[in-house]
Amino acid sequence: MRIVLFTGKGGVGKSTVAAGTAALAAARGLRTLVISTDAAHSLADAYGAPGVSTGSTNSGAEPTEVAPHLFLQQVDAQLRFEQSWADIQRYLLSVLDAVGMDPVAAEEMTVIPGAEEVLALLELRQHARSGAWDVIVVDCAPTAETLRLLALPEALGWYLERLLPIQRRLVKALRPVLNRAAGVPMPGDAVFDAITRLHGELDDVQALLSGPESSVRLVLTPEKVVLAEARRAYTSLCLFGYRVDGVVANRVFPAGEDDPWRAGWVTAQAGVLREVAQSFSGLPVWTSEYQAAEPVGVAALSTLATDLYDDADPLAVPAGDGPFRVDRGDDGGAVAHLSLPFVSRSEVDLARNGDELVMTVGSYRRLLTLPPGLARLRVAGASVVEGELRVRFAEPEPVEAR
């Protein structure tokens, strides 16, 4: 099964490109699901199917077929929310009730910010593990939200793995005392089980989306501000281990006719497109011209995607080992390689904490748990070479030397 995620700055046409790519896959006879993790759903409008259900618990809807082999689901997170967060929410509501908070205010306080996007990922996981699809195309939220979303499973897992066992034991031992002293209910096993289950599901999502059959595709328009954001997104996606398999330059003005206004745009965009080619060297850059009319409907979107990819295979599995790999040395040491495009050594902060490598690039931090083979080694040095972080590991020093 192939999974392709589309993201980009808001307004660059990522939903249109995602919808077109899915339509093209379905036209090949592949069972294709296109799903949105963006709270501002627009896929149904792109296909000219505004009546498609969002899959809420009220309707009990499943993915809706909008063309042969092409299914659409605009996820309403209510069902996933109830399945994954209900036990936790009930406990939080009981705590807020005990301290006298208004029930309406308490209800609002116990809803996770961004829950819709997070729980839409759980819907994606369920579809991916079902075996019902050959291709899943994901229309993601704009870049910043997508980066936070894709970083969440690993970050949440780090906290839960360290805090949950301790908290569970403490609360179980002290629950009678805490209940009397604090006057609020302490969490029971059902709450801890719900958190553990949510952690496991999100961890599975992270493994699924960073696996060899999944990749992210950046959509941009030929504008300097948009290109700058796409470059930052590329760096951050690599930092968290996600494969970027290509770039779509959308809404490119075609040359022609004696129109000074359009000629100015053509010249300006040509300069930015040269920068795009240089910035994403080694990745395919697909170009889509500005359409004479808004592409709405399966046929129009399929035509757009056919022109966009030309003879290329939009579903080709990315080659290589992905952003992270480890090379073993004959001396028992190793070198860990992490692709960090557009980053210099001064922009990377690196630290070792037990069996973890703590990497900070700009405002993003990743806690990379080292495999046992590396965890036993010491960090002997690090460098950034041609957009790649290289961390050298060596055998531990003898006790006398330490």
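I will go through one open sheet with two helices on it, and then a run of three strands joined by hairpins. Keep in mind that this is a predicted model.

Start with the sheet. Eight strands make it up, in the order S3-S4-S2-S5-S1-S6-S7-S8, and the pairing is mixed. S3, residues 64-67, and S8, residues 285-289, are the edge strands; each has a single partner strand, so one side of each has no neighbour in the sheet. From one strand to the next the twist averages 25°.

At the S8 end, S7 covers residues 244-252 and runs parallel to S8, with four bridges between them. Within that pair, Val252 is opposite Glu289 of S8.

Now the helices. H8, residues 224-239, lies across S6 and S7, at about 165° to S6. H9, residues 260-279, lies across S6, S7 and S8, and runs at about 180° to S7.

How do the two helices sit against each other? Two packed helices are described by the angle between their axes and the distance between the axes. Here the axes of H8 and H9 come within 10 Å and cross at roughly 10°. That is under the 35 degrees used as the limit, and the two helices are therefore roughly parallel to each other. H8 contributes Lys224, Leu227 and Arg231 to the contact, and H9 contributes Val272, Glu275, Val276 and Ser279. Sorted by class, that contact has three nonpolar, one polar and three charged residues.

On H9 itself: its 20 residues span 29 Å from first C-alpha to last, close to the expected 28 Å. Its buried residues are Arg262, Gln269, Gly271, Val272, Val276 and Ser279. Their cover includes S6, H8, S7 and S8.

Last, the hairpins. S12, residues 356-361, has six of its six residues buried, so the strand is largely enclosed by the rest of the structure. In a regular strand the side chains alternate between the two faces of the sheet. In S12, Glu356, Val358 and Thr360 point one way, while Leu357, Met359 and Val361 point the other way.

S12 pairs with S11, residues 348-353, antiparallel over six bridges, and Asn353 is opposite Glu356. S12 is also joined to S13, residues 364-369, by six bridges, again antiparallel; there Glu356 is opposite Thr369.

Which residues take a positive phi in the hairpins? Between S11 and S12 there are two residues, and Gly354 has a positive phi near 65°. Between S12 and S13 there are two residues, and Gly362 has a positive phi near 65°.

Note on methods: Residues are numbered from 1 along each chain as its sequence is written. This is a predicted model: local features need pLDDT of at least 70, side-chain atom pairs count only at pLDDT 80 or more; totals for chains, interfaces and linings use all residues. Side-chain values use heavy atoms; hydrogens and water are left out. Two strands pair if DSSP finds at least two bridges between them. Axes are lines fitted to C-alpha atoms, for helices over the stretch in contact, and angles run from 0 to 180 degrees between N-to-C directions. Contact means heavy atoms within 4.5 Å. Angles under 35 degrees count as roughly parallel, over 145 as roughly antiparallel, 65 to 115 as roughly perpendicular and the rest as oblique. Ala, Val, Leu, Ile, Met, Phe, Trp, Tyr, Cys and Pro count as nonpolar, Asp, Glu, Lys and Arg as charged, and the others, Gly among them, as polar. The expected span of a helix is 1.5 Å times one less than its number of residues. Buried means under 20% relative accessible area, exposed over 50%, partly exposed in between (1.4 Å probe, protein chains only).
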